[in-house]
Structures are given as C-alpha cells and as structure tokens.
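Please look over the structure shown here before reading the report, with its nonpolar cores, its ligand site and one of its strands in mind.

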Amino acid sequence: MANTQIAAARNGTVTEEMERVAERENCDPEFVREQVAEGQAVIPANRNHDALDAMVIGREFATKVNANIGNSETTSDIETELEKLHTAVHYGADTVMDLGTGANLDEIRETHVEHSPVPIGTVPLYEAVKQAGSPEEITTDLLLEIIEKQAEQGVDYMTIHAGILAEHLPLTDGRKTGIVSRGGSIMASWMEARGEQNPLFQVYDEICEIFAEHDVTFSLGDSLRPGSLADACDEAQYAELDTLGELTRRAWEHDVQVMVEGPGHVPMHKVAENVERQQEVCDGAPFYVLGPLVTDIAPGYDHITSAIGAAMAAQAGAAMLCYVTPKEHLGLPEEEDVRDGLAAYRIAAHAGDVGSERPGARDWDDALSEARYDFDWREQFRLALDPDRARDYHDQTLPEDNYKEARFCSMCGAEFCSMRIDQDARDGGEMERLDTETDLESSAAADVNLPPTGTHRSGSDALPEVDACEESSVEHAGDD
Ligand code: SF4
C-alpha cells in the first residue's frame, strides 16, 4: 500500500498532518480523515518537505488562496525568488506555485521547499520545454524524469496537463481566444506536430506511481479552460472535464490525492454551474479555480473582475482560488500587485465562506463590526484583513494619537458621524443598545481566518528570512 495521506486515511489512520489540519480548522481529526479518505479533501504534503505546516484543501474546510511566483528569463537570482515567496506568504497565500521558467530552476525550487511553510506546487511541463528546447522535442522519458526529480525535491503538488486529448483539439476551432493555458498550448502543439496522443495521458499510471511514492498531490490542469466569456462552458472545456473525472478516479486507485483545476473566464450566471458540474463529474474532488473573471473589459483591474467570480465559486463549493493580480494580461506583477491580488482573493475566499454559512466564518466580521461600533480604532486595525493599509488610510487625515480615541473619522466628520449620533441617542435612553460580544479566539474561525495573514504560522521560524521585498515580482497568474 502507498504511504500517502489518502492511503493512511482509507486505512483508518489519523496522521500527524490530519491532527494539525484539524487544529487549524477547529474540527475533529476524524472528520479530516474521512474527507481525505473519500477524496473530498487533500493535504498536499510531500514527505520531503520538512518546513511544511500542513493544511487542507476541500469544500468542507475554509476556502484557500494560491499565489503564483517564479522567475523568468530576465530575473533568476535566488535571493529575489526567496523574496517573492516571503511576499506571497506574508500577504496570506495558503499555497504557492513556483512557475519559474528562467535559469537555476533546481536550486530555486529546492530553496523554496526548504523555506516554505506552505505547500509548493509546480508545473513540470515548463521545465520539460526548457530542457527539450521546444514542445515538439519533449519525450515521455523526459517528462517522467523531471516529474520524479521534482517529487524527490519535495514539491507538494504538481499541475499535470493530462486531460487534453488529441480528439479535443478540433473542438477549439471556433473559439474566440483558442487555447490560453500555457501547458495546454504546449501539449496541443506536441500532439499536432507528432500526430500522437497526449504523452502525459499515455504515462499517467507511471506518474501516479511516482506520486504515490512521495505523496505528491495531483492538480489536474484545465488545458482547455476558456480565455474569454465567449468561450466559457463550451464543448472543448467540458470534454476535457470529463477526462479529468476519469483521471481523478484512476489516481484514487493508486492511493494518490487529487484536486482539479478550473476556469478561467466565466460570466456570473454560469459560475455555480461550473462548480456543480466539476463536483459531479469528478466525484467531489476539490476544485481549484483561477478566478474566474466575470467580464473581459477591465485590464488593469482583473484582480477585481476575477475576485467577483472567485467569491461566487467559493460560495458554490470551490475549495481553492488561484489569485489574479491587477497586472493580469498586461505584465509581470510587482510586490504591490501581489498585495492587492492576495487581498482581493482573501476577501473572495472569506466572503464565499460567509456566503456558504461555514460555521464560525462570520465571527471575524462580527468582531470587526463590534470594534467599529465601539470606535476601538486599534482593535479595528488589528482585525483588518490588511492592518497596515487600514491604519495608513485612517492616519492620512487623522494621524495624531488622540484620534485613536475619537468617536468619528474624517469620512463624515464629528458632527455627522452616524454611529456617534446613534449611540448618543441610545445613551439618552431613547433607544436600547444591543450589546453582544464575539469570542473570536474560541470560534471556528480562530486559526483559519484570524488576521493578520493567511492560515500559516507567521512566526519567524515559519517565514523565509529575507532583507526586503521591495523589488519582488511574481509570475503571470493565468499561465499554468
Ligand atoms: S465618521 Fe462616518 S465613517 Fe467615520 S466612524 Fe463615523 S459613521 Fe463611520
């Protein structure tokens, strides 16, 4: 039997990682075991990733957020790459995908795994293209060799583009934006040039055996995801999804954990349909979605267009959201873009959890509302999703310390502060004050959503040590 989380769960064993996850999610370890055993949740935890603080991805748990990082041809030094990891974790990423395509890939990947408290994901196909020189030169031996090496390096989950088949390609002919997944376009190019079936599909069982040996989790790539609203939910997308369902069940036969990737660009009225269809076709395997962007008209604001779709997807049952930054479709993100993208996605994830009435999710909102109504500014900043930004914005107009006791802010001013007027009226005896206290510390949201950042341990032992983050940049979020 494989030595994986799902194998242990199926065998009735509660692992150390399941215990830790239960602690973080404020639930029973036995419930975590059941969810993992049934493939409804995954704990990406490569046995060679010593720095990992185990976390869980599944629709019955708090919605998670992934951030993409990685080098390019022009930026490839290790210190910069470590800064990117630090930035992503600092601003609350629950997992990080290293999508590097530049130099020193092995060294950078090993450094990421060595320092990261969150699971590291990769797309091995990118390294295969680098080594082969062009998509057409990739061989199945090379793919297996790279996948095995990355598994040995401690990568926790890998995007494998095994679901795009030769027979799917003609279905994309009438699309407005063709194939927009980077991995999908590489596989399509390979199949067209060689006239053969997808090599990742052909050696899928061998990949399963490698994953079982190291406990790597599949993230089944959606190579045919729509790149525009016009292409959403088309025949090509759903034909690949059917294959991803089959691949999910084949991985489970090998005692390997699976999550499934999803679109992309989807109008609001079809977001829930996408989630429900994936859950049905893939027997409840966790759905990991990029956005989706709900409109195509706002380059420069795609962290917003996609966070709207992401919140809806989370409410409908998506388990993890891949963040999108304001630079999507335009260029390589910088640190401030990463901060904005992660804030948008942590909001989406939390809003989805509140919208789906996840136990304890709203406790954070209630605690912040109480601090707001009490004019407890310091507590309001502490509880804010981005404490530094909340404090900065407040202090731009009222910086002096005495304004931290003020019963107004500069938005309405002292005379027109509605909360102050309301409280004075209540204090005058004309209205009864409802006074409830939210015990955030002991709520179900305690460790999952507690600010300031993410679900990871934020102590100095958990974050990579770097001097500064000012010059970091992060890979294009949609290019996997
Ligand atoms: S001044 Fe307006 S915005 Fe500021 S605390 Fe009062 S009601 Fe809220």
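The report below takes up these topics in turn.

## Nature of the model

The coordinates come from a predicted model, and the descriptions that follow should be read with that in mind.

## Nonpolar cores

The largest nonpolar core is made up of 113 residues, and within this core Phe211 and Phe218 are the residues with the most contacts. Helix α11, which spans residues 235–253, gives the most to this core, with a contribution of seven residues. A second core, separate from the largest one, has five residues, among them Trp364, Leu368, Ala371 and Leu383. In soluble globular proteins, nonpolar side chains tend to be buried together.

The surroundings of Phe218 can be listed in some detail, leaving aside residues up to four places away in sequence. Phe218 touches Met158 and Ile160, then Tyr204, Ile207, Cys208 and Phe211, and further along the chain Ala251, Val256, Gln257, Val258 and Met259.

## Surroundings of the ligand

The residues around the ligand are Phe375, Cys409, Met411, Cys412, Gly413, Cys417, Ser418 and Met419. Sorted by class, this shell holds six nonpolar residues and two polar ones, while charged residues are absent from it. The UniProt record, an unreviewed entry, places the feature "binding site" at Cys409, Cys412 and Cys417, and these three cysteines also appear in the shell around the ligand.

Cys409 lies in the loop between α17 (387–397) and α18 (413–416), and Cys412 is likewise placed in the loop between α17 and α18. The relative accessible area of Cys409 is 24%, so this residue counts as partly exposed, a class that lies between the buried limit of under 20% and the exposed limit of over 50%. Cys412 is also partly exposed, because its relative accessible area is 41%. With residues up to four places away in sequence left out, Cys409 touches Trp377, His394 and Leu398.

## Strand β4 and its partners

In strand β4, which covers residues 95–98, Thr95 and Met97 point one way whereas Val96 and Asp98 point the other way, and all of these residues are buried.

Strand β4 pairs in the parallel sense with strand β3 (residues 64–69) over four bridges, and in β4 Asp98 stands opposite Ile69. Strand β4 is also joined by three bridges to strand β5 (residues 120–122), again with the strands running parallel, and here Met97 stands opposite Gly121 in β5.

Methods: Residues are numbered from 1 along each chain as its sequence is written. This is a predicted model: local features need pLDDT of at least 70, side-chain atom pairs count only at pLDDT 80 or more; totals for chains, interfaces and linings use all residues. Side-chain values use heavy atoms; hydrogens and water are left out. A nonpolar core is a set of buried Ala, Val, Leu, Ile, Met, Phe, Trp, Tyr and Cys residues joined through side-chain atoms within 4.5 Å. Buried means under 20% relative accessible area, exposed over 50%, partly exposed in between (1.4 Å probe, protein chains only). Helices (H or I, at least four residues) and strands (E, at least two) are DSSP runs, numbered from the N terminus. Contact means heavy atoms within 4.5 Å. A residue is near a molecule or strand if one of its heavy atoms lies within 4 Å of it. Ala, Val, Leu, Ile, Met, Phe, Trp, Tyr, Cys and Pro count as nonpolar, Asp, Glu, Lys and Arg as charged, and the others, Gly among them, as polar. UniProt positions are given in the numbering used here, feature names are shortened, and annotations may be inferred rather than shown by experiment. Two strands pair if DSSP finds at least two bridges between them.
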